[in-house]
Amino acid sequence: MKMAALCSEFVDLVQIKKQLISVISLCKERGLLHSAKWASELAFALEPLPKDELPPTSPLTEEDAQDLDALTLAKSYFDLKEYDRAAYFLKGCRSQKAYFLYMYSRYLSGEKKKDDETVDSLGPLEKGQVRNEALRELRVELSKKHTAGELDGFTLYLYGVVLRKLDLPKEAVDVFVEGIHALPLHWGAWLELSNLVTNIEMLKSLSLPDCWIKDFFMAHMYTELQMIKEALQKYQNLIEAGFSKSTYIISQIAVAYHNIRDIDQALALFNELREQDPYRIDNMDTFSNLLYVKSMKPELSYLAHNLVEIDKYRVETCCVIGNYYSLRSQHEKAALYFQRALKLNPRCLGAWTLMGHEYMEMKNTSAAIQAYRHAIEVNKRDYRAWYGLGQTYEILKMPFYCLYYYRKAHQLRPNDSRMLVALGESYEKLSQQAEAKKCYWRAYSVGDVEKMALLKLAKLHEQLNESDDAAQCYMLYIQDIFSCGEQLEHAEVSTALRYLGQYYFKNKLYDEASLCAQRCCDYNDAREEGKALLRQISQVRDQIETPSADLFAPLSNNNTPVRRVSPLNLISFTP
């Protein structure tokens with residue numbers, strides 16, 4: 001996709017800046033602080049406007065003027081989280097602004113009471129069972145206004161949130177789309193809609209306004225749907241369109257690289273982000289995941305201490321500390337901090353998933369299953385939770401369940417070799433060898449992250465007495481390991497060499513068998529077998545001389561795909 005594909009509004013960055021300044025003011029007046037923050041960060045990335053270019057404040061209607069005193073008073077209570085008090089003084093106000101704040105105060109009051117009720121009496125695993133009692137009343141009132149066509153863009157957004165909370169996703173999607181058409185610049189509505197889009201077909205079917213903000217939404221959706229190439233292209237286009245200074249875009253690109261496990265690229269971007277915005281807490285939990293994967297304990301420790309100094313009661317801070325304790329194998333402490341994160345925000349996807357991982361480490365499978373299920377409730381697109389459930393049921397030796405959950409994870413990450421290998425193992429346990437072979441070969445074809453697919457495929461062929469195919473897979477496996485520049489001490493290289501040595505010996509290819517036997521001597525666990533094979537070869541060589549065949553010709557007409565590879569010169573590799 002080229003620059004021309006972006007909406008035409010991008011040509012006029014001055015106009016975009018004016019729109020952002022206007023929507024920041026509108027969101028702040030209504031207490032929509034996250035949307036105001038997003039718009040403010042984006043506006044900051046654009047050039048400042050001269051005084052005479054600044055947009056005028058929105059004019060007051062007669063109803064606004066009548067409600068002004070009550071609205072000012074109520075907003076001061078709202079800002080101090082006295083939601084019931086704010087709602088009391090707004091009751092009976094007639095302006096759109098006052099009506100939104102009245103309904104929003106009632107909604108947040110219900111949310112606060114729900115959280116207060118659960119924070120002490122129940123653990124985070126039961127938190128989802130407590131409901132916001134105000135939702136049904138709000139739905140009835142908003143539904144009447146909606147039918148009468150009296151809801152503006154902000155109240156449509158609130159109506160959508162209420163419907164989503166009541167588990168009415170289809171109705172919520174329709175209302176969010178309507179709200180976005182009424183007020184395209186409200187990022188919160190786009191973000192709520194993104195949580196309800198389950199696949200690319202659904203995304204394409206949505207009727208969305210042709211506004212510049214749609215490109216930000218599409219880039220976000222591509223990341224969520226694991227269409228990382230398309231997401232990165234979108235963000236690159238946005239940078240070229242004039243948003244090169246946007247820390248939001250840098251963070252989203254870093255998250256995209258994290259999702260495709262391009263760890264070095266993601267770490268570089270997060271470090272750049274930390275330099276530009278050193279007090280930023282958003283996305284730092286993702287940064288800590290990367291430091292955890294790379295086992296960068298000092299850096300993770302520094303990040304945790306730094307975030308505690310900034311704000312120790314933020315969800316992201318708790319997740320970072322949890323990751324730090326997990327890296328130190330203090331799993332009880334790690335789980336405790338993920339629980340703290342969930343007390344602060346029960347819809348924190350990362351905390352549910354990470355807590356599931358910690359319970360797995362502690363062999364508490366029932367708690368792990370519960371945590372992963374909560375993660376899926378929050379976001380059905382979280383492949384890590386589906387994969388975690390598969391692993392949990394694997395421990396419980398329930399392969400049919402494993403297969404179901406690994407299939408779900410694979411659907412979300414079709415080109416992730418880990419999902420394919422896990423699927424192959426499940427099929428193997430269910431004696432569906434043909435399906436297992438396909439999964440292992442596919443895992444190798446898409447780029448095997450853990451270098452295990454060929455090995456498992458070779459061992460499967462070996463069990464089925466398909467010696468030619470097993471040998472071919474072992475050859476490809478050794479070549480794969482060496483081509484990556486990995487250490488020869490790789491756990492299973494000796495297994496492959498040992499098998500190939502015996503295979504060549506049985507096929508009277510003594511030169512090749514000798515070569516494999518010599519390589520076996522470089523490994524402790526295969527040394528004795530290598531020496532024994534060398535003795536056998538020297539005994540028969542005196543009696544028979546057999547010309548060497550082409551090692552890498554296709555070895556069989558079996559259904560498993562076999563590709564021709566260049567000859568592997570084992571002599572050139574030293575342990």
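## Tour from Thr365 to the core

Select Thr365 to start: with a relative accessibility of 16%, this residue counts as buried, where buried means under 20% relative accessible area, exposed over 50%, and partly exposed in between (1.4 Å probe, protein chains only). The model is predicted, so local features need pLDDT of at least 70 and side-chain atom pairs count only at pLDDT 80 or more, while totals for chains, interfaces and linings use all residues. Residues are numbered from 1 along each chain as its sequence is written, and side-chain values use heavy atoms, with hydrogens and water left out.

Thr365 belongs to helix α20 (residues 365-378); helices (H or I, at least four residues) and strands (E, at least two) are DSSP runs, numbered from the N terminus. Now show its surroundings. Leaving aside residues up to four places away in sequence, Thr365 touches Thr392, Ile395 and Leu396, a contact being heavy atoms within 4.5 Å.

Zoom out to the whole protein. The secondary structure consists of 29 helices and zero strands. Of the 575 residues, 53% count as buried. Among contacts between residues at least 6 apart in sequence, 59% join residues at least 24 apart.

Next, select Tyr107, Leu193, Leu203, Trp212, Phe216 and Phe217. These residues have the most contacts inside the largest nonpolar core, which has 190 residues. Such a core is a set of buried Ala, Val, Leu, Ile, Met, Phe, Trp, Tyr and Cys residues joined through side-chain atoms within 4.5 Å. Helix α26 (residues 467-483) gives the most to this core, with 10 residues. Domain 1 (205-280) and domain 2 (489-541) each supply at least three residues to this core; the domain bounds come from an automatic or database domain assignment.

Stay on Tyr107. Not counting residues up to four places away in sequence, Tyr107 touches Asn132, Leu135, Leu138, Leu158, Val161, Val162 and Lys165.

Move to Asn271, in helix α14 (residues 263-276). Asn271 is partly exposed, at 40% relative accessible area. Add Phe287 and draw a C-alpha to C-alpha distance: the two residues are 16 apart in sequence and 8.9 Å apart in space.

Finish at the surface with Tyr88, in helix α4 (residues 83-90). Tyr88 counts as exposed because its relative accessibility is 61%. Add Leu73 and Phe89: with Tyr88 they form a nonpolar surface patch of about 310 Å² accessible area together. Patch residues have over 30% relative accessible area and no salt bridge; like charges are joined within 9 Å, nonpolar side chains (Val, Leu, Ile, Met, Phe, Trp, Tyr) within 5 Å. A salt bridge is a side-chain nitrogen of Lys or Arg within 4 Å of a carboxyl oxygen of Asp or Glu. Accessible areas come from the Shrake-Rupley method with a 1.4 Å probe; for residues, only the protein chains shown count as cover.
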